[in-house]
Each structure stands twice: as C-alpha cells, then as structure tokens.
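Student: I have a model open and some labels to check. Can we go through the reasoning behind them?

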Amino acid sequence: MHTSRFSALILIAFTLYACHSPNNKKTEKTMEINDTHTYAKPNDAVITHLDLNIQIDFNQHQISGTASYQIDHKSKGKEIIFDTRDMDILDVVLDDGTKATWTLGDADEFMGKSLSISIKPLTKSLSITYKTHPEAAGLQWLDPQQTAGKKHPFLFTQSEAILARTWIPIQDSPGIRFSYNAKVQVPKGLLALMSASNPQKINTDGEYNFVMKQPIPAYLMALAVGNIVFRPEGLRTGVYAEPEIIDKAAWEFAEMEDMLTTAEKLYGPYRWERYDLIVLPPSFPFGGMENPRLTFATPTVIAGDRSLTALVAHELAHSWSGNLVTNANWNDFWLNEGFTVYFERRITEALKGKTYAEMLAQLGYQDLVAETKRLTQEEKAADTHLKLQLDGRDPDDGMTDIAYEKGYALLRHIEKSIGREKWDAFLKNYFNTNAFQSMTTEAFLDYTEDNLIKGNDSLRKVLNMKQWIYEAGIPDDIDIPHSDVFEKVEQNISDWQNGKALGELPTGNWTSHEWQHFLRKMPDTLTLQEMQQLDEIFHFSKSGNSEIVALWLELAIKHDYETAYPVLDSFLVNVGRRKFLIPLYTALIKTEKGKKMAMDIYRKARPNYHSVSYNSVDELLGWKAE
C-alpha cells in the first residue's frame, strides 16, 4: 500500500481546555490537529501506552526486540497505521494471539514507510517485533575512540523531529501522547538510561527497566548506553557523564537545583519527579535535547566557568513549554521554542540579574536579525513566519532561530504591553490548564483571546499577534533588547581602532557574553597583524569556551588567519554540534582555498557527526559519498 506524505493527515478534535469565561461559566474549546509528517490516523486507532522490550547489539549496530502497544480503537475499523524508517518488521501479533496481516508502504526520503496492520473491531493491543538498520538516522553508534574514556562503545538516540520511527515502530507525531515501560538489555558493564525513571548505578547483568508514567509524544523517546556514572546535584537533580568528565560536568551544572526551584516559583510545580542531565560525547548534534527526566547535553557547554549554562535553563524550561504543553505539529514549533527561550531568560534573570539576562537577549536579537536576513536572501521569507508551512518538507527545516528568537520577541512584546505581573499569571494558568496536551497556534490565539484579551479591541491591536505569527520578517513593534554593558564593549572596540593598545582595554572581568559581542562587532577591515594581536593578547585560539572559539574561527576564515587553522581542523573534526558546523563550513566555502579546506576536513570529520548534522553539511557542501 502506498501513502504519500501529502495524504498523511491527522484530524483530531478533542477538548483543548476548560476555562472561565467573563461570565464565570466554564467553556470548552476544541481544535483540529493536522500533521502531515505522520502516516498515522489517530481518529481511527491511536496508541496510548508502549511496553518496549529491546536488546542493544554494538557489534551489529542494531536494536532488536518487541514494541507492544495498548490502543484506543476509536473507529472499530480494520487497520492501525504506524510510522517506520530504517528498520525491518519481523512479526505482528494481536492481543487474541493471532498473527496480524501487515503491509509496508513505499519509502519516502524522510517520512520512511507506513506500517499498516490489519486489526479486528475488538482489538485493544498488539505487539510488533522488529530490528533496526545499522544506518538508522536516529541512532548514533560510537566506537570507543569516539568517547572520552576510549575503552567502551556508546549509543545515543535523537528522536526530534521525526526520527523516533527509526528505532521504534511508532505513531510519530507530537500530537499523539502515550506512557511507556521499557526493558533494555545491554552489554555487561554499561549503563542504560532513558527519558523515564533511571538507575544511578551500573547493573551487573546489563538489564534495565524503565517507567514513564506521564504521557509523552514520540519525539521525547530517548535512550543512551555507555560507560556512564552519576553524581547527585540536589534532592531532585543530578548529572550523568563518562567517568573521565564527571567531575567537570558536576561542577559546571551545580546550579541545576536552584534553576529548578526558581522555575517552579515562576510558573508552577515541576511534574516529572526528577530533573537529571547527561553529558553526551561531542558528536551530539544539538546544544541540548529536553528529553523528560533526562536532558541530553553537549560537552561544548562545559567551559569551566559556568558561563554557558543558560542552555540548562533552556532545557529545564522545556519541562513546561514543550514537554508539558506541546506543539501539536511541526508547523507550530515556535510554541515549544519561543516560550522556552522566554522562560529560560526569566530563570536566568532571577538567578543572575537583569543585566546578565539582557545580554543574552541582545545576542539572541542579533541571531534573529541575521537569520531573517539569510532566509530572505535565500528566497525563503515564508520561513520567517512563526507559523510555518512545512508540508512536504523535512520538519528539521523549521528548526531555525526564527522559532526561538522571534517567538521569544513576541512574548517579550506581550509582557511589555500588559505588564509582567499580568503576563506571569496568564502563563502560569496556560501551563496548568493545558498540561499534558497539545497546542496549535490557532488554539493558542483562541486561548489568549478568552483569557487575556477578553474582547478588548484596543489590546488586541496593541498585541498585534497575527502579524507576528503569520507575516514575514521582524515586526516594527519589537522591543529590541538593549545592554549598557555591550555599549561599553563597543566603545572599547572604537578606542582600539582609534589607537588605544589592546592590552589596555578593561576586559579582565568580562563575561562570555561580552566576549561574544566583542567578536561579533569586529570590523570587516581587520588585518592579519591585528588578528595576530587579538590572538596573542586574548588567547582566542586556546579558549575553552566553545561559543568564543567558534566566533573566533569564523573571523580566522574570513581574514585568512592561517595560525588558527589547526584549531579549526580539530574543532570541526571533534565537535558535531550543528550550530557551530554550519557557520564555519559556510564561511569556508566562500573562497576556493576554503572550499578545498572544507572538503579535506569534512572527509575526516563526517564519520564523527550525527545524521542530523551530516545531512545539513552534505547539502551545504554538495557532498557525495566517496
């Protein structure tokens, strides 16, 4: 059976929220979710619980086992449809013990294949036996040499946006939630962790059991296996990492418990019991991934001075915006990320002060301006809308700074328009009322209309939400962040350009954010002599801060500062974080010399990258398998 990605459509009507209208009568809203990135038809039959029993084979780079589902068979029809990709289906058994008839649809580049299973009117559960392919895109198998310890292999998953289907046959939509239990068998001597209740010590027999009682969407399914140890940080928080880096990681993330209690004071109770974090090997393609109960984090945020831990505040904030109230489909991605950036900066402000948070906001605004300019120049202005149109495209295309920074800017604009106290009360109610549910942009607008605007035409005009959401670019009514600290940084640059010695600039107590702004504001006219002076005095090439190193290497490429090229080579080979890779490779390919260097480096580096990263770099470089 063939089902194109254009006909795969969810139309779910359900109660969105119960709220109090102005006349104090409880009202109910319903919404429809359209998700073209799944083959599932949850109006007919939808999963409600998963029991997963799998084995991890590092030799074959394979996960094999059985996924058993409880289902809500709404239509009493003849089939249920799952999403699969990069796997073999071996058997399907219904709850009455009979083997089910099943078919796989034609393969789509990123959607994979539909798995259509014939069921009976009274079917309430079924089991799927399967095994993954070694090249499954959501799995990264690391050899010992790719880890910190160099002795044991490592495996981690990345399910967002639609890669859960590459390691579990599943209904892979953010609008479909389910609880799960799991039994995972791994080689002896290794620890297994999931987005669930987790062990804190290695089990000698290699068997681990997990429970996630809160319903989550498939993109929050997560698994990590390796030589991992645990270090508690507080009553509800702790850090996992390889033994070789656990001391550094535990020190870097010592503020986790304070962040958690601060977040609860802002927007209500944390509903996931524990908040732990695992530091993954450097090939992890993102800064962090908000898997419930277990944030996945890149080691590139370990700077030795806690200067980059806003990332932890961001992933923690997802415990409310994203994990608790979830974008219903990937066109509504801003509902996850814009809210989370806003929440992250409120946590940071509460812990480190408004001046610190405003520097973060201004760096984010710079990213927004740059991303808007890039997408417009590439004739992708529609991708600067908050509400995206990703039908027929990989939803990964929508994971740009627009969702994060334009989304944040809208919420900041609303706060400024109505006042922080009123806005905080609204947000707290929003999270509580819609907990463990999905949210569309249109449903959010309805919720705002009922609970904030309440028929006030002048307020609706001031908020201007439809322009922010449905039109391209940056609205004129944006509240542009301003940092007095950054003004001083720019004055220091001016003083240097006007003859003041670099070593005389008052940089001794600068934060990471000031250094980032300093490098971003470097003049285009830098000479090689000036580049050398900057490096000799400020030691940028030797910095332990990945954000600073990445910006410095962009400057080195731009001005052909060859002294930094060995650092560039090592950075690109060893760091798989896409945020850093794309700007650096983009800078390299602007010249013939740079193109050759990019290809030479990428030939070595590509095996170290996750598919999320190498797919993006492949496209950028026009890479073809050798």
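**Labels and their grounds**

Tutor: Start with strand β10 (residues 139-142), in what is a predicted model. Both faces of β10 are covered. Leu139 and Trp141 are buried on one side, Gln140 and Leu142 on the other.

Student: What makes residues of one strand fall on two sides?

Tutor: In a regular strand, side chains alternate between the two faces of the sheet. In β10, Leu139 and Trp141 share one side, while Gln140 and Leu142 take the other. Buried means under 20% relative accessible area, so each of these residues falls below that cut-off.

Student: How do you know that β10 pairs with strand β11 (residues 154-157)?

Tutor: Pairing takes at least two bridges. Four bridges join β10 to β11, so the two strands count as paired. They run antiparallel. The bridge partner of Gln140 in β11 is Phe156.

Student: What makes strands β4 (residues 62-72) and β9 (residues 125-132) a pair?

Tutor: The same test, at least two bridges. Seven bridges join β4 to β9, so they pair. Their direction is antiparallel. One bridge sets Gln70 opposite Ser125 of β9.

Student: Which sheet holds β4 and β9, and in what order do its strands come?

Tutor: An open sheet of six strands, in the order β6-β9-β4-β3-β12-β14. The pairing is mixed.

Student: Why are β6 (87-94) and β14 (207-217) called edge strands?

Tutor: Each pairs on one side only. From one strand to the next, the twist averages 15 degrees.

Student: Why is helix α11 (residues 484-497) called oblique to helix α12 (residues 512-520)?

Tutor: Their axes come within 10 Å and cross at roughly 45 degrees. Roughly parallel needs under 35 degrees, and roughly perpendicular starts at 65. The angle lies between those limits, so α11 is oblique to α12. The crossing is right-handed. Contacts include Val485, Phe486 and Val489 of α11, with His513 and Phe518 among those of α12.

Student: What makes a set of residues a nonpolar core?

Tutor: The members are buried, come from a list of nonpolar types that includes Ile, Tyr and Met, and are joined through side-chain atoms within 4.5 Å. The largest such core has 152 residues. Ile56, Tyr69 and Met194 have the most contacts inside it. Helix α6 (residues 401-418) gives the largest share, eight residues. A second, separate core of 47 residues includes Leu505, Phe538, Ala587 and Met597.

Student: Which residues does Ile56 touch?

Tutor: Leaving out residues up to four places away in sequence, they include Trp141, Leu155, Val184, Pro187 and Leu223. Trp141 is also one of the buried residues of β10.

Note on methods:
Residues numbered from 1 in each chain as written. Predicted model: local features only at pLDDT ≥ 70, side-chain atom pairs only at ≥ 80, totals over all residues. Heavy atoms only, no water. Buried < 20%, exposed > 50% of the residue type's maximum accessible area, 1.4 Å probe, protein only. Contact = heavy atoms within 4.5 Å. Axes fitted to C-alpha atoms, helices over the stretch in contact; angles between N-to-C directions. Parallel < 35°, antiparallel > 145°, perpendicular 65-115°, else oblique. Left-handed = near helix turned anticlockwise from the far one by under 90°.
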